[in-house]
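Dear colleague,

Here is the structure I promised to pass on to you, and my notes on it follow below.

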Amino acid sequence: MKKNYPMYINGQWLDSKAHFEVTNPATEEILTCVSQGSEKEANMAVDAASTAFITWKMLSVDERASFMHNSAAKIVEHQDELARLLTMEQGKPLEESVAEVEWTAKTMTYYAELAKNQLGRMAPPLGNTQLNLIVKEPYGVVAAITPFNYPLLLLMWKAAPALMLGNTLVIKPSELTPLSTLRMLELCFENYPKGVINCVPGLPEVGKTLAAHVDVPVIAFTGSTQTGINIIKQTAHLNKKLHLEMGGKDAFVLAPDVASGIDIENAAAAIAWSGFFNNGQVCTSTERVYVHQSVYDEFIQALVKRVKTLTLGDGLDGNYNLGPMISAQGFDKLDQHVSDALNNGAKLELGGSKATEFARGYYYQPTILSNVNHQMLCMKEESFGPLVSIMPYDTFEQAIELVNDSPYGLGACCRTGNPLLAKQFYQQVKAGTIWINDPLPDNISAPFGGMKMSGNTRELGMEGLDAFAEVKHIHWELDLAPKEHWINL
Ligand code: NAD
């Protein structure tokens with residue numbers, strides 16, 4: 001690993017005066033230092049991307065697709081190295097990092113081909129000597145501001161469609177997990193024309209500079225709702241295209257038809273997965289569970305039994321289900337949610353504190369709370385850690401009301417064998433993704449994004465491509481003769 005990882009601007013690796021440390025959350029050891037971009041470097045990157053835009057947008061889609069396919073193949077070739085680095089900086093088990101790298105490459109091949117079919121349409125003209133063309137054009141420079149939890153995948157959900165449409169890119173990776181992004185650029189993207197892809201690692205100030213820059217028309221952001229709101233405020237006077245993918249507080253409802261016995265056990269297995277995968281640090285992690293009161297106690301027992309089997313340890317080891325949390329800050333916020341609930345009458349069913357068997361690392365015990373209510377932080381705010389809170393309900397209508405009683409609207413899941421209840425759920429729940437019986441999967445071909453305070457855009461699918469295209473209408477009269485309706489001056 002490089003000692004002082006440089007930044008990538010205009011096809012060159014540049015060091016800076018200031019550096020910041022990147023820590024392995026499993027050991028709290030410093031992995032390396034990374035160049036800390038400043039306003040100056042952010043501006044240099046925007047200048048490079050603006051210049052590159054002039055020629056990049058003029059390439060044929062096929063030419064851009066060749067670059068994209070080439071990089072995807074290199075990512076696959078270097079999959080193991082990238083996955084290890086990802087686990088070292090983020091903490092997730094190696095197997096999950098391998099899957100993230102694989103899906104990163106798949107996203108690229110998907111958009112490389114999809115873009116070939118999505119360049120516009122013709123509208124019926126007003127007269128038969130006219131053409132009305134609707135063309136999709138690139139915006140220009142896109143700032144891709146990414147979070148710590150899926151640094152490669154969530155970057156590529158933005159970068160692949162944006163680049164395929166002819167936009168150029170300045171990446172601001174999370175200050176917690178910039179290494180896999182920088183290494184991926186080094187291994188797989190250096191053959192792009194200079195300035196097409198730039199990366200300025202650094203603290204939030206780099207993101208602020210990019211967001212405020214007049215030559216950056218699109219901010220493609222994934223991160224917390226608070227940061228998204230800050231970006232809205234920072235850019236309100238500039239009328240930019242803001243793609244905001246923000247926080248969630250996903251609910252899982254066991255519908256009233258979920259019966260005692262194996263059905264409950266299967267529901268518990270699904271929630272042990274969706275609540276604790278990547279240590280609950282998925283924007284669509286199940287954080288709230290609503291269970292019909294007739295099976296409430298049985299479900300809690302089943303979930304506790306399941307979650308007790310999850311093992312905790314260094315993700316590089318390959319033998320554990322869960323790694324550490326990302327940082328002391330994330331750890332403290334989770335602990336605050338647990339203490340707040342317990343101080344206000346919640347019951348601790350499992351976990352509830354630091355995993356004491358580890359001398360170092362941000363390990364929190366997988367935690368389950370019951371007897372919670374919607375005044376508690378664990379049911380109101382995003383916890384973003386290994387915590388699932390369970391509440392009983394009387395009627396399915398009441399369960400849906402509880403699901404919707406949140407400022408967030410990212411995803412929601414319902415377990416039911418009753419198609420009428422499933423339909424009622426997806427029609428009445430306000431969320432961007434609804435899962436019936438199988439929580440969490442994303443599908444590259446289907447849009448992903450949030451409603452309410454969870455977001456304002458969609459990534460993936462055709463919608464994720466259109467997000468990076470500006471639509472222009474061309475009214476073209478082929479006949480040069482004057483028109484009767486023109487005023488004859
Ligand atoms: P974060 O908001 O702390 O940081 C995200 C990025 O924004 C970082 O690169 C950071 O440096 C940058 N940033 C911070 N302040 C900024 C500012 N004022 N202007 C511009 N950039 C700024 O998020 P995080 O802790 O890295 O990620 C976790 C959050 O991301 C959770 O809330 C999670 O739900 C959310 N998330 C959402 C989705 C989704 O698709 N909706 C997916 C993954 C994660």
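How many residue pairs are in polar contact across the interface of domain 1 and domain 2? This is a predicted model, in which local features need pLDDT of at least 70 and side-chain atom pairs count only at pLDDT 80 or more, while totals for chains, interfaces and linings use all residues. Residues are numbered from 1 along each chain as its sequence is written, and side-chain values use heavy atoms, with hydrogens and water left out.

The rule finds five such pairs, with both residues at pLDDT 80 or more, where a polar contact is a pair of N or O atoms within 3.5 Å, one able to donate a hydrogen and the other to accept it, and residues adjacent in sequence count only if both atoms are side-chain atoms. Salt bridges between the two domains number zero (a side-chain nitrogen of Lys or Arg within 4 Å of a carboxyl oxygen of Asp or Glu).

Domain 1 covers 4–246 + 455–474 and domain 2 covers 250–436, with bounds from an automatic or database domain assignment, and their C-alpha centres lie 31 Å apart. The contact (heavy atoms within 4.5 Å) takes 22 residues from domain 1 and 23 residues from domain 2.

About 2000 Å² is buried between domain 1 and domain 2, 57% of it given by carbon and sulfur atoms; this is the accessible area (1.4 Å probe) that two parts lose on being put together, summed over both. On the side of domain 1, Pro25, Ala26 and Glu28 lose the most area to domain 2, together 24% of what that side buries.

Best regards
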